[in-house]
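Open the model in your viewer and set it to a cartoon view. The stops below each say what to select and what is found there.

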Amino acid sequence: ILQGADAAGPDGPGPAAGTGAVEVTALVVAAQLATSVFVSMLFTTTMLFISNSAPPSRLGAANGVGQCAACLARSVGPVLGGTVLSTLAPRPPPLDQHAAFALCAALGGVSAALSFAMPKSIDHAGEGQRS
C-alpha cells in the first residue's frame, strides 16, 4: 500500500517516507484483532456443534475427532492457502490474487448455510444431565 505512495514520480521524489504509516499500522492491527475475535468465536461454535451432536456416551470420541480435524486444518490450511494464492497471483483479473479471498468468502458462506441446514435429530444437547 505504501510502496506506491512513497515511490518517486515523474515530478521528483514522492511523499516523505512513512506518510500514513501510523494509519496503515492502526488499520492492520484493528483488522488482525477483529480476525482473532471472529476466529475464536468460530472455533467455539464449531466445538459446540460437535458437543451437541454426540450422545454423552460418545462425547469424548467426538471431541477427539473434532480436535484432530482442527489440528489438520491448521496444518494443511496455510500450505493450501499459500498454494492457491501463489497460483492465482500472476493471473489477470478477475482470477488474480483477489479470487483467493473470494473463494474463502464463498467457503464461509457455504459453511454458514450448512450449519443452518443441520437436522434437529443430531441435537443431543442436555442429554445425560441431572435435573
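The tour goes from the whole chain to one helix pair and then to two pockets.

**Whole chain.** Start with everything selected, bearing in mind that this is a predicted model. Colour by secondary structure: the protein has 4 helices and 0 strands, and along the sequence the pattern reads α-α-α-α. Colouring by burial marks few positions, as 7% of the 131 residues count as buried. Among contacts between residues at least 6 apart in sequence, 32% join residues at least 24 apart.

**Helix 2 against helix 3.** Select 21-53 for helix 2 and 59-88 for helix 3. How do the two helices pass each other? The crossing of helix 2 with helix 3 is right-handed, with axes that come within 9 Å and cross at roughly 145 degrees. Now show side chains at the contact. From helix 2, pick Phe43, Met47, Ile50 and Ser51; from helix 3, pick Leu59, Ala62, Asn63, Gly66, Gln67, Ala70 and Arg74. By class, this contact has 6 nonpolar, 4 polar and 1 charged residues.

**The largest pocket.** Keep helices 2 and 3 on screen and add helix 4, residues 98-116. Each of these three helices supplies at least two residues to the lining of the largest pocket. To centre the view, select Leu42, Thr46, Ala73, Gly108 and Ser111, which lie nearest the centre of the pocket. The pocket has a volume of about 1,400 Å³ and is lined by 34 residues. Which helix gives the most to this lining? Helix 3 does, with 14 residues. Colour the lining by class to see 24 nonpolar, 9 polar and 1 charged residues.

**The second largest pocket.** Next, select Phe49, Asn52, Ser53, Ser115, Phe116, Met118, Pro119, Lys120, Ile122 and Asp123, which line the second largest pocket. About 190 Å³ of space lies in this pocket. Helix 2 and helix 4 each supply at least two residues of its lining, and the largest share, 3 residues, comes from helix 2. With the class colouring still on, the lining divides into 5 nonpolar, 3 polar and 2 charged residues.

**Last view.** Show both pockets together and keep helix 2 and helix 4 highlighted. Both helices contribute at least two residues to the lining of the largest pocket, and both do so again for the second largest pocket.

Notes:
Residues numbered from 1 in each chain as written. Predicted model: local features only at pLDDT ≥ 70, side-chain atom pairs only at ≥ 80, totals over all residues. Heavy atoms only, no water. 1 Å grid on protein atoms, 1.4 Å probe; cavity = no way out; pocket = protein on both sides within 12 Å on 5 of 7 lines; lining within 4 Å. Points joined across faces, edges and corners; volume = space filled by probe spheres on them. Nonpolar A, V, L, I, M, F, W, Y, C, P; charged D, E, K, R; others polar. Axes fitted to C-alpha atoms, helices over the stretch in contact; angles between N-to-C directions. Left-handed = near helix turned anticlockwise from the far one by under 90°. Contact = heavy atoms within 4.5 Å. Buried < 20%, exposed > 50% of the residue type's maximum accessible area, 1.4 Å probe, protein only.
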